[in-house]
Amino acid sequence: MIEAGILLLLCQLAGESVVRAIDIPVPGPVLGAVIMLGFLAFRRGVPASLGRTSQDLLANFSLLFIPAGVGIIVHVARLEAEAVALLAALIGSTALTIVVTALVFVGIDRLMGGAAQEPGA
Amino acid sequence: MNPQLDALWVYLQANPLGWLTATLIAYWLGVKAQRAAGGRPYVNPVAVAVVLLVALLVATGTPYQTYFAGAQFVHFLLGPATVALAVPLFQNWPQVRRSVVPMLAALLAGAVTAVVSALGIAWALGASAPSLVSIAPKSVTMPVAMGIAEKLGGIPSLTAVMVLLTGITGAVIATPLLNALGLKDWRARGFAVGVASHGIGTARAFQVNDLAGTFAGIGMALNALATAIIVPLLWQW
C-alpha cells in the first residue's frame with residue numbers, strides 16, 4: 001500500500017510540476033497518469049500493490065466527487081431561478097453527447113473493418 | 001440541551017473527523033441503496049450521498065466551508081485516483097491501441113456536441129450569460145471545468161455543481177440509452193460515457209464492465225484536453 005501510495009503521489013507531483021513549469025492547459029493529474037503509463041510500460045508490468053490500490057480507488061471513484069458535490073448547497077438560489085434552462089441543457093446535452101460519441105466510435109470502427117474483431121461481449 | 005451532549009456536538013461539528021465520517025457513511029448508504037435496487041442506475045450512490053449530506057447540513061445549520069474542512073481529505077484523493085487510471089489503461093493496452101482512430105473521431109464529435117448543445121439549449125431557454133459560461137465545460141472533470149469557467153469569467157463553484165449534475169445524469173441514463181440504441185461494443189459504450197460525464201460516468205462504467213471502465217477513463221482524460229482547447233476557441237468566435 002505504501003509503495004502504491006508513493007508511486008501515485010510521485011506521478012501526480014511530477015504531472016503538477018510539469019504543468020506549472022511549462023504552463024499547458026492540461027490538468028496535472030492527467031499528465032501524472034501519462035507519466036505512470038510510461039513507468040508501467042518501461043517496467044513491463046504492474047506492481048502487485050499498485051494493482052490492488054488502484055482497483056480499490058477506482059472502484060470507489062464516485063465517492064471522491066461527493067465533497068465538491070455538496071457545494072450545490074451554495075448555489076440553490078441561482079439554480080432555482082434558472083432551473084428549467086440549466087436542467088434541460090444538462091440532461092439534453094448529456095444524452096446527445098453519449099449518443100453522438102458512441103455512434104461515431106462504432107461507425108468509424110466499422111469503416112476501418114474493426115467490426116470483425118469486435119469483442120462481442 | 002444536556003451540556004455534555006452540547007460539548008460533543010461542538011466537537012463533532014468543528015472537527016474534520018465528524019464530517020469525514022459522515023461523508024463515508026453517506027456514500028456507504030448510497031451504495032447500499034443501489035444494491036437494494038438491484039444495481040439499477042436510477043439509484044446513484046453520489047446522488048443519494050449528496051442529498052443526505054445537504055439535508056444534514058441544512059438541518060444542523062452547518063456552513064459548507066465547515067463541512068469541506070473535513071471532507072477535503074476525500075476530495076484530495078481525486079488526484080491520485082486520476083493517476084491510477086493509468087493502471088487499467090496499461091492492462092488493456094492492446095485493445096486501446098487498436099481503437100485509436102475511432103476514439104479520436106468520437107472524441108472530436110463528442111467534445112463539440114457537449115459544449116455546443118449545452119450552450120444552445122441553455123441560451124434558447126434564456127439562461128444568463130454567467131450561467132452560460134459556467135455550463136459550457138460541464139462534461140469535463142471537475143478541476144479542469146472549474147479552471148475553464150474561471151478563465152472565461154464564469155462562476156467556478158457553479159460549474160462544479162453543473163459538472164456533478166452532468167456526471168449523475170450520465171451515470172443514470174447511459175445504460176438504458178445505449179441499450180435502446182442496441183450498442184454492444186463495451187469500448188464505444190465506455191468511451192461515450194467518459195466523454196459525456198467524466199469521473200462519475202467512469203465510476204458507473206467500471207461497475208458495469210472493466211473494459212468499458214477503461215475506455216471511459218480514456219474518454220474522460222481526452223475530453224479534459226479537448227474541451228480545454230475548444231471552449232476558449234468558441235468564446236473568441
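**Exercise 1.** At what angle do helix H1 (residues 2-22) of chain A and helix H2 (residues 28-43) of chain A pack, and how far apart are their axes? Classify the pair and list the contact.

*Solution.* This is a predicted model: local features need pLDDT of at least 70, side-chain atom pairs count only at pLDDT 80 or more, and totals for chains, interfaces and linings use all residues. Residues are numbered from 1 along each chain as its sequence is written, with chains lettered from A and ligands numbered from 1 in written order.

Step 1. Helices are DSSP runs of H or I, at least four residues, numbered from the N terminus. H1(A) and H2(A) pack at about 120 degrees, axes 7 Å apart. Axes are lines fitted to C-alpha atoms over the stretch in contact; angles run from 0 to 180 degrees between N-to-C directions.

Step 2. Angles under 35 degrees count as roughly parallel, over 145 as roughly antiparallel, 65 to 115 as roughly perpendicular, the rest as oblique. H1(A) and H2(A) are therefore oblique.

Step 3. H1(A) supplies A:Cys11, A:Gln12, A:Ala14, A:Gly15, A:Glu16, A:Val18 and A:Val19 to the contact. H2(A) supplies A:Gly28, A:Pro29, A:Leu31, A:Gly32, A:Ile35 and A:Met36. Contact requires C-beta atoms, placed from the backbone, within 7 Å.

**Exercise 2.** Is B:Met162 buried or exposed? Place it and find its neighbours.

*Solution.* Step 1. B:Met162 lies in helix H11 (residues 156-181) of chain B.

Step 2. Buried needs 20 or more other C-beta atoms within 10 Å, exposed 12 or fewer, partly exposed in between. B:Met162 has 29, so this residue is buried.

Step 3. Leaving out residues up to four places away in sequence, B:Met162 touches A:Leu90, B:Ser134, B:Ile135 and B:Lys138.

Definitions and conventions. Helices (H or I, at least four residues) and strands (E, at least two) are DSSP runs, numbered from the N terminus. Two residues are in contact if their C-beta atoms, placed from the backbone, lie within 7 Å.
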